[in-house]
Amino acid sequence: MATRDVGPDQNTYLFGPFRFTPARQLLLRDGKPVRIGARALDILTLLLRQPGEPVSKQELQEFAWPGAFVHDSNLRVNIASLRRALSDTAEHASYIASVPWRGYRFVGTVEVISTAAENPVAPIARARKPLPEPTTVIGRSEQIRKLVNTIAEERCTTIVGPGGVGKTTIAISVAHQVRETYRDGICFIDLATIGDPQYVGAAIANAVGARQTADDHLTGVVNALLGQRVLLVLDNCEHLLAPVAAAVSRLLAALPDVTILATSREPLGHVLEHVHRLPMLEVPAISQGVTAQQAMEYSAIELFVTRARERGEYTLTDLDAPHVAAICQQLDGIPLAIELAASKTAAFGVPKLLTLLEQRFRLLSNGPRDAPVRQQTLLATLDWSYRLLSDDEAKLLRLLSVFAGVFNMADAVALSEASGLDAPQTLSALERLSSRSLVATEYESGVLRCRLLETTRLYAAARLVDESEHERAMPVYARHILSIFERADAEWSKRDKHAWMEEYAPRVDDLRKALSWAFGANGDKKLGVTLTAVAIPLWEELSLVGEFRSAVGRAVHELDRIKDCPTNIKMKLAWSRASGMNFAQPFTAETDAAWLNCFELGIEGNSTEFQLRGLWGLSVTLIYTGRSLEAIERLNRFKEIAEACSDWSAIPEADRLLGMAEIYLGQLNSASQRLERLALRYERDQVPVRNTRYNLDQLVAIKCSLALVLWLSGEPKRATQVLREATERAESIGHTVSLSNLLSLGSIPIALWAGDLEAAAKYQAMLEEDGRREDIEIWGRVRRFFAAVLRARRNELGALTEARSKLEDLIAWGFTMRAPMYYCMLAEMHLANGEIDKAGSAMREARKYAVLPGERWCLAEVLRVDGLIQLRAGNSSAAERLFADAIRDAREIGAYMLEARAALALSELLVAEDRFDDAFSVVDSAYAKMSEKTGCPELIEAQNRIRNHQRASVESSASSGRVTS
């Protein structure tokens with residue numbers, strides 16, 4: 001029979017294109033993370049431990065769902081999910097075979113590698129930006145070989161050279177050659193799209209898939225890559241040298257297994273940097289008399305001929321060879337310049353091409369002399385290519401320079417307002433620019449993507465300014481970006497999340513550029529405010545909360561200065577500002593006011609949606625801050641509004657929060673019925689997963705509160721099962737906020753109260769993992785408190801003092817709804833250490849928060865721990881009264897688990913006084929209330945212990961009597 005190991009499996013299993021490390025719950029396919037639920041990974045773990053051998057269904061169920069009854073359908077669903085994830089279309093392999101009447105077995109070849117020495121780090125939640133596909137590289141094999149050897153020895157290598165020399169092409173080629181060396185993958189970060197130094201950290205974090213909400217994006221990068229062997233390719237660093245150098249310094253210091261390959265026109269200046277200067281392509285020293293065969297031995301000429309052949313029927317002849325050699329000499333062997341020139345071969349022929357090029361260079365010889373010679377050469381080539389364009393082509397090229405990165409044909413057409421071109425003219429000009437190598441194109445997911453090489457973009461942007469078109473182009477560009485995000489906002493709650501992200505996440509740099517212009521000196525602040533409002537869903541999905549809050553704050557600041565700002569924009573900003581406050585700053589009167597402002601704007605704008613959102617957010621704030629009675633008033637108003645406008649989809653969320661508030665008010669029966677109905681409805685109707693209106697996945701949130709009321713009511717096994725189901729759902733949908741909420745409010749505290757430190761530690765590790773991906777301040781404070789509590793439970797020196805400090809930090813934040821129960825936890829630990837005064841101090845705080853708000857849910861626990869303190873102080877009569885009060889209070893609200901805890905404490909006191917019948921009666925009464933008779937084994941043990949004590953006492957008395965007689 002399978003038993004779950006207490007420690008994690010420290011092996012790594014290799015099969016086909018897959019790599020699986022159970023300790024890190026990390027399954028990779030070709031170096032990329034595979035998203036799959038935790039239960040499916042547990043099943044895979046057990047199958048891989050016994051490759052080729054049948055594993056029974058019972059063994060798999062006991063391993064993946066220890067201590068719980070699960071239906072066979074749960075196993076079948078997870079097996080099906082696992083088979084889909086392991087589908088190897090290249091080899092048509094099926095790794096998991098069914099064994100009739102027995103179970104399943106793993107049928108692939110498995111290689112096992114011990115990874116006990118590795119740091120067990122959680123997988124990155126979001127996919128990294130993939131490495132671009134390599135292009136044909138000519139004349140660079142020796143440089144690539146040297147670089148491959150260099151990065152094997154150096155932690156930071158920078159490929160340095162002038163624009164157009166091919167730094168990016170070489171870096172991509174090198175990265176592809178060393179892919180097998182980096183077990184956790186290679187990440188490509190194109191910094192050419194970043195115009196503001198403050199976004200360097202955000203660009204790196206987004207590219208590596210680090211999810212964070214703090215302004216310090218590099219912390220998220222460090223947490224995401226800790227223990228990972230990764231190559232980071234930082235492309236186009238020259239305009240951001242200082243922030244890039246600072247980022248590199250921090251990453252290298254914090255991540256010993258990470259290597260960095262950068263490209264720049266000048267070195268970063270880091271102490272560990274190895275500079276590799278990329279030379280020009282080889283050209284013949286003398287062009288006259290060179291034959292075609294001789295010329296093709298030079299890499300510059302080979303590149304020219306290859307690119308010319310790609311544009312048409314071209315073969316290098318002995319007659320053309322001297323001319324081509326002269327062209328490559330004129331262009332200093334710069335690859336980009338050579339490619340631009342080669343693209344004109346079909347139109348002009350080689351001799352005419354050389355003549356035109358020489359003429360253009362003479363025209364530019366009177367220009368600026370301060371630029372490096374090779375830069376002058378490239379600019380001359382670009383200028384020459386530009387002068388050969390038609391008016392339509394030149395105008396479009398200039399306008400395309402406004403895009404921060406990749407764009408598509410629809411984007412180009414959208415700029416026709418500024419260019420004066422219609423759609424057919426624009427598309428025709430775009431096609432011709434592509435054929436002239438001025439616009440690079442590639443297909444991605446079946447969609448044509450276009451971009452300007454960075455050197456070309458900078459040249460075209462300068463021409464845009466020279467032609468006095470920049471001021472006309474930027475408003476058109478910004479309005480176009482606004483239209484994209486208005487569409488994204490409208491689709492956010494309707495489309496598949498992954499498809500939505502695939503379309504809109506690459507637009508974040510254009511969003512930043514448009515906002516920078518809009519809030520600039522000559523911008524359009526009203527447009528900027530509107531764009532901020534509709535871009536909120538993207539910031540939320542990318543977890544750029546620091547950037548999001550800053551942008552929303554800027555927009556809110558500008559609201560009073562803008563005339564006729566639409567109310568719907570004001571409402572969106574009000575909602576986002578209040579939501580950000582809940583996650584990232586203390587709960588104060590300002591938080592209440594922010595939510596009320598959202599509600600009032602909803603009334604002003606006749607929007608029931610934002611009236612509901614305002615009441616929802618205010619209700620959550622009231623519950624979190626220990627004001628559940630007031631929250632119920634607000635939630636009843638919420639339901640009235642929703643029912644009046646037939647918004648039936650909103651009512652379950654109000655009922656969920658009502659159930660939550662009822663728990664804290666001690667109305668457990670009502671809360672239990674309400675939450676059971678909600679959970680049943682969701683599971684019966686199979687409500688689909690969508691982006692939620694209210695920040696959390698509703699079923700996960702419902703089950704979080706349901707588990708608490710079940711545990712309090714004396715059904716701990718059901719509570720544990722409900723928590724498992726909620727955890728699986730949160731993991732399967734990849735909703736970090738929902739999982740953090742569940743772990744913080746359900747899984748960890750219930751495990752701690754039940755004394756299951758192993759489960760608490762497991763859930764705490766999951767919360768730590770979530771914190772690395774998305775550092776939400778409120779859950780970060782809860783996380784740090786629980787971490788200290790767990791260390792205190794393990795009797796680590798100073799941990800209990802730290803736990804008290806972390807709890808005080810949490811309460812200072814305004815998060816008081818669990819304060820009494822948390823203080824009771826600390827008081828019991830102080831008592832266990834013999835620190836009666838400290839225990840009493842903790843209980844004074846517990847009583848303050850339990851009594852003042854009038855919330856009864858854990859008053860019985862407060863009374864019980866007060867009784868323990870009195871008992872330790874030698875006042876047994878006061879202790880007995882407190883234990884009895886605790887039992888009575890718990891019984892009145894149906895908190896039978898708390899009654900059981902108080903009954904156990906009272907029974908120990910009574911046994912010590914030889915009042916065995918009274919002790920047994922107290923325990924038996926509590927046992928009768930428990931709907932799960934095995935849910936509190938301590939009661940059964942107490943009954944047996946009381947009888948044993950009674951028997952021993954009787955025997956002792958009898959023995960004493962015989963001796964006396």
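**A sheet, a cavity and aromatic pairs**

Three strands make up an open sheet in which the order is β5-β7-β6 and the pairing is antiparallel. Its edge strands are β5 and β6, each of which pairs on one side only. The coordinates come from a predicted model, and what follows should be read with that in mind.

The two pairings of the sheet can be traced residue by residue. On one side, β5, which covers residues 55-56, is held to β7, residues 103-106, by two bridges in the antiparallel sense, and the bridge partner of V55 within β7 is Y104. On the other side, β6, residues 96-99, runs antiparallel to β7 and is joined to it by four bridges. Two of the contacts between these strands can be named: I96 has F106 of β7 as its bridge partner, while V99 stands opposite G103 in β7. F106 appears again in a side-chain grouping, since F15, F18, Y95 and F106 form one aromatic cluster.

From the sheet we turn to enclosed space. Rolling a probe the size of a water molecule over the atoms shows where empty space is left. In this structure there are three cavities of 30 Å³ or more, and the largest cavity holds about 220 Å³ of space. Its lining consists of 22 residues, and those lying nearest the centre are F583, W616, V620, Y624 and L696. Sorted by class, the lining of this largest cavity comprises 16 nonpolar, five polar and one charged residues.

Which helices each supply at least two residues of that lining? They are α26 (567-584), α28 (608-624), α30 (651-664), α32 (698-712), α34 (736-753) and α36 (777-793). Among them, α36 can be checked for its span: with 1.5 Å a residue, its 17 residues should span 24 Å, and because the C-alpha atoms at its ends are 25 Å apart, the expected and computed values agree. This helix is also mostly covered, as 13 of the 17 residues of α36 are buried. Following α36 comes N795, whose phi is positive, near 65 degrees.

The last theme is the arrangement of aromatic rings. A pair of aromatic rings is described by the distance of the centres and the angle of the planes. Searching the whole structure gives 23 aromatic pairs. One of these is formed by F403 and F407, which are stacked, with 5.2 Å from centre to centre and 20 degrees between the planes. Are these two residues buried or exposed? F403 has a relative accessible area of 1%, so this residue is buried, and F407, at 1% relative accessibility, likewise counts as buried because the cut-off is under 20%.

A further pair is made by Y823 and Y849, whose ring centres are 6.5 Å apart and whose planes lie at 10 degrees; the pair is stacked because planes under 30 degrees apart count as such. This pair links distant parts of the chain, with Y823 in helix α38 (residues 819-832) and Y849 in helix α39 (residues 836-851), 26 residues apart. Y823, with a relative accessible area of 2%, is buried.

Terms used: Residues are numbered from 1 along each chain as its sequence is written. This is a predicted model: local features need pLDDT of at least 70, side-chain atom pairs count only at pLDDT 80 or more; totals for chains, interfaces and linings use all residues. Side-chain values use heavy atoms; hydrogens and water are left out. On a 1 Å grid over the protein atoms alone, a cavity is a set of points where a 1.4 Å probe fits but cannot get out, and a pocket is an open set with protein on both sides within 12 Å along at least five of seven lines; lining residues have an atom within 4 Å of a point. Grid points are joined across faces, edges and corners, and a volume is the space filled by probe spheres set on the points. Ala, Val, Leu, Ile, Met, Phe, Trp, Tyr, Cys and Pro count as nonpolar, Asp, Glu, Lys and Arg as charged, and the others, Gly among them, as polar. The expected span of a helix is 1.5 Å times one less than its number of residues. Buried means under 20% relative accessible area, exposed over 50%, partly exposed in between (1.4 Å probe, protein chains only). Two strands pair if DSSP finds at least two bridges between them. Rings of Phe, Tyr and Trp (its six-membered ring) pair if their centres lie within 6.5 Å; planes under 30 degrees apart count as stacked, over 60 as edge-to-face and the rest as tilted.
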